[in-house]
Amino acid sequence: AMPPVGETKSRRKRGDKDKDRAAPEKKRATKVAVVGEDFAGNEYSGVIREDALGSRTLEGAKSKYTWPGKAKYEGPLVQSEIQGRGRFFWPDGSTYEGELVR
């Protein structure tokens, strides 16, 4: 049907909906490095992400972290937190392997 005189039917092209939405916030640049290094006095092997402000977080599915007393963790780290299935090793020889949640 034709619109009444004085009114027009607007047609949108595919994808125009996205233009009406607010533009997403720009993400800050992030540097990513796979390293084996001293991190806060502890030994760490895995991914370190550094944001534009210099804040560093530990990431990775196969991270290794050893504390000065030689307790050791192997497994996933997400934003510097132990998360998922991993293993702990203690200096006395005891171990734990399984799901770890915060």
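Student: What share of the 102 residues in the chain is made up of buried residues?

Tutor: This is a predicted model, and its burial is judged by relative accessible area, with buried meaning under 20%. Counted in that way over the 102 residues of the chain, the buried share is 23%.

Student: Which elements does the chain hold, and in what order do they run from the N terminus on?

Tutor: The chain has one helix and seven strands. Read from the N terminus on, the helix is followed by the strands, so that the order, with helices and strands taken as DSSP runs, is α-β-β-β-β-β-β-β.

Student: How confident is the prediction, and in which element of the chain is confidence highest?

Tutor: Over the whole chain the mean pLDDT is 78, and 66% of the residues reach 70 or more. Where pLDDT is low, the predicted coordinates should not be read in detail. Confidence is lowest in helix α1, residues 16-20, at a mean of 52, whereas the highest value, 95, belongs to strand β6 (residues 84-89).

Student: How do strands β2 and β3 run, and how many bridges join them?

Tutor: Strand β2 covers residues 42-51 and strand β3 covers residues 56-66. One of the pairings places Arg49 opposite its bridge partner in β3, Thr57. The two strands run antiparallel, and the number of bridges joining them is seven.

Student: Which residue takes a positive phi in the hairpin of β2 and β3?

Tutor: Between the two strands of this hairpin there are four residues. A positive phi near 90° is found there at Gly54.

Student: Which residue forms a salt bridge with Lys70, and how many residues apart in sequence are the parts that the pair ties together?

Tutor: The partner of Lys70 is Glu43, and their closest N and O atoms are 3.5 Å apart. Lys70 lies in the loop between β3 and β4, while Glu43 belongs to strand β2, so the pair ties together parts whose separation in sequence is 27 residues. Glu43 itself is partly exposed, with a relative accessible area of 47%. The partner asked for is therefore Glu43, and the separation is 27 residues.

Student: Which residues are linked with Glu74 in a network of salt bridges?

Tutor: The side chain of Glu74 meets that of Lys72 at 3.2 Å, N to O, and it also meets the side chain of Arg87 at 2.4 Å, N to O. Arg87 lies in strand β6 and Glu74 in strand β4, so this second pair ties together parts that are 13 residues apart in sequence. The residues linked with Glu74 in the network are Lys72 and Arg87.

Student: Is Glu74 buried or exposed, and what are the relative accessibilities of Lys72 and Arg87?

Tutor: Glu74 has a relative accessibility of 14%, which is under the 20% limit, so this residue counts as buried. Lys72 counts as partly exposed at 28%, and Arg87 is likewise partly exposed, with a relative accessible area of 33%. The answers are buried for Glu74, 28% for Lys72 and 33% for Arg87.

Student: Where does Thr66 lie, and with which residues is Thr66 in contact, leaving aside its neighbours within four places in sequence?

Tutor: Thr66 is part of strand β3, and at 13% relative accessibility this residue counts as buried. Once the neighbours within four places in sequence are left aside, its contacts are with Asn42, Glu43, Ala71 and Lys72.

Technical notes:
Residues are numbered from 1 along each chain as its sequence is written. This is a predicted model: local features need pLDDT of at least 70, side-chain atom pairs count only at pLDDT 80 or more; totals for chains, interfaces and linings use all residues. Side-chain values use heavy atoms; hydrogens and water are left out. Buried means under 20% relative accessible area, exposed over 50%, partly exposed in between (1.4 Å probe, protein chains only). Two strands pair if DSSP finds at least two bridges between them. pLDDT is the predictor's confidence in each residue, from 0 to 100. A salt bridge is a side-chain nitrogen of Lys or Arg within 4 Å of a carboxyl oxygen of Asp or Glu. Contact means heavy atoms within 4.5 Å.
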